[in-house]
Amino acid sequence: LAVGRISRDPSLDLGHRLDYVILQEECETPRALVRFAGFGKLSSAFIGPLNPGFCEVAAHLGENWNKAIFSWMCINYKLDSTIHHPAFARTLPSPTQVLFTIMKYFKWAHVGIIASDEDIWMYTAKELATALRSHGLPVAIVTSVHKGEKGIEDTWNKVKEVNDIKIIVLCMHSVLIGGQEQATLLTKALEMGLADGRYIFVPYDTLLYSLPYQNNSFSVFDNDSKLQEAYDAVLTITLESGERTFYDAFREAKESGEIIRDLEATQVSPLFGTIYDAIYFMAMAMDSARRKGVRTSGANIAEHTKNFSFPGFSHQVETDSSGKGLNSYVILDTDGHGNQLFPTHVLNMSSGSVLSLGQAIHFPNEVPPKADSSCWFDPDVLCTEG
């Protein structure tokens, strides 16, 4: 869909015909890396990788091949150095930066991270912990979910042993788009009395796409009062939709005959929109480099991602003068009943500010976790004595 629209876009002059090939990424990180190393001659630029575990090596390879790499999933904080990684560009704001800004707003510094036991999520959890620690935050535990009911119980018991945790990031597929593991994990937390408001649970993967929440009900909550109650302790952070949601944009593309697959919008992961935007993002960079008369090398394309503004799949995509994404994010909450999510705050990435939308967050037992000392969020102050 993206490649078709790019080829018909009169505002873009790429100097080449754009085509794509889908490169299958192995699930296990070492094998994925070996596979990636063999992709060097197969394409002129890369959208990916999906596994943060080998992002840095992939960026080095891209540089060596003189090919740009555009990724929304890579969170290794070292990649933000254009001196060391000139051929790498982010197509979304860094999820770590989004989390950090929200944690600073609520003064929740102590973090725990629970990952699904799949390689991609375990590496996401490890890289996220390293990135948050590079901001000076105390990440007290990073663990993965063990199999079976006993395994999930053991995971929660491990977390319970750690003091002071305020926020638990869940690195796995969101229950709202079919992540069964997250549903089981949250329900077990409720049964063990851990969804009582002592922790705020934050799904990680919703940071990577625009979850349709306006006028949308989530059927996963229907006839499941336990999950409804457990989700009261969850704050969902996602890309803010524009005038239309991901579902609206998908239906429009279907009605216009651009998407011919017989799929309902609700059967498609909103990550579709993120991938579409990443491909368009790359085309905009190629166009910008060409207009400035520079050779379309990997570093030149990655360098020309500044001061963009173009219509993405369901919202406007913008970057600032240093190429950082300016997307806005919303915090969504439930009231422990029903099947809808309500926006409570908006995070504006251009100013780095969090604004209340006038709807108070509904915490279990109506009490938020106790705030941590603000020294955790001040890079010039050392936290002592707790």
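## Sheets, helices and cysteines

Let's start with an open sheet of three strands, paired in parallel in the order 1-2-3. Here a strand is a DSSP run of E with at least two residues, a helix is a run of H or I with at least four, and both are numbered from the N terminus. Two strands count as paired when DSSP finds at least two bridges between them. What you're looking at is a predicted model, where local features need pLDDT of at least 70 and side-chain atom pairs count only at pLDDT 80 or more, while totals for chains, interfaces and linings use all residues. Residues are numbered from 1 along each chain as its sequence is written, and side-chain values use heavy atoms, with hydrogens and water left out.

Back to the sheet. Strand 1 (45–47) and strand 3 sit at its edges, and each of them pairs on one side only. On average, neighbouring strands here are turned by 15° against each other, ignoring direction. Three bridges hold strand 1 and strand 2 together in the parallel sense. Look for I47: its bridge partner in strand 2 is F70.

### The antiparallel sheet

There is also an open sheet of four strands, with antiparallel pairing and the order 8-11-12-13. Strand 8 (236–239) and strand 13 (353–356) stand at the edges with a single partner strand each, so one side of each has no neighbour in the sheet. From one strand to the next, the twist averages 30°.

Inside this sheet, strand 11 (residues 328–333) and strand 12 (residues 342–348) run antiparallel and are joined by six bridges. If you want a landmark, D333 stands opposite F342 of strand 12. Helix 4 (residues 95–106) packs on the sheet and touches strand 8, strand 11, strand 12 and strand 13, and its direction makes about 110° with that of strand 12. Such angles run from 0 to 180 degrees between N-to-C directions, with axes fitted to C-alpha atoms, for helices over the stretch in contact. Touching, or contact, means heavy atoms within 4.5 Å.

### Two helices that cross

Next up is a helix pair. Helix 6 (residues 148–160) packs against helix 7 (residues 180–191) at an angle of about 65°, and their axes are 10 Å apart. Helix 6 makes a right-handed crossing with helix 7, a term used when the near helix is turned clockwise from the far one by less than a right angle (anticlockwise would be left-handed). Helix 6 brings E149, I152, E153 and W156 to the contact, and helix 7 brings T184, L185, K188 and A189. These residues divide into four nonpolar, one polar and three charged. In that split, Ala, Val, Leu, Ile, Met, Phe, Trp, Tyr, Cys and Pro are nonpolar, Asp, Glu, Lys and Arg are charged, and the others, including Gly, are polar.

### Cysteines, bonded and free

How many disulfides are there? The count comes to two, taking a disulfide as a pair of cysteine sulfur atoms within 2.5 Å. With bonded cysteines counted along the chain, the pattern is 1-2, 3-4.

C55 and C74 form a disulfide with their sulfur atoms 1.9 Å apart. The torsion about this S-S bond is about -80°, so the disulfide of C55 and C74 is left-handed. C55 lies in helix 3 (residues 55–65) and C74 in the loop between strand 2 (68–71) and strand 3 (88–90), so the pair ties together parts that are 19 residues apart in sequence. Both C55 and C74 are buried.

C375 and C383 form a disulfide too, with sulfur atoms 1.8 Å apart. At 115° about the S-S bond, the link of C375 and C383 is right-handed.

What about C27? Its sulfur is 15 Å from the closest cysteine sulfur, in C55, which is too far for a bond. C171 is in no disulfide either, and the nearest cysteine sulfur, that of C55, is 14 Å away.

Here is how accessible some of the cysteines are. Buried means under 20% relative accessible area, exposed over 50%, and partly exposed in between (1.4 Å probe, protein chains only).

| Cysteine | Relative accessible area | Class |
|---|---|---|
| C27 | 65% | exposed |
| C171 | 0% | buried |
| C375 | 15% | buried |
| C383 | 21% | partly exposed |

### A histidine in a loop

Last stop: H315, found in the loop between strand 9 (309–311) and strand 10 (316–318). Is H315 buried or exposed? H315 is buried, with a relative accessible area of 10%. Leaving out residues up to four places away in sequence, H315 touches S210, L239, E240, S241, G242, D277, F310 and N327.
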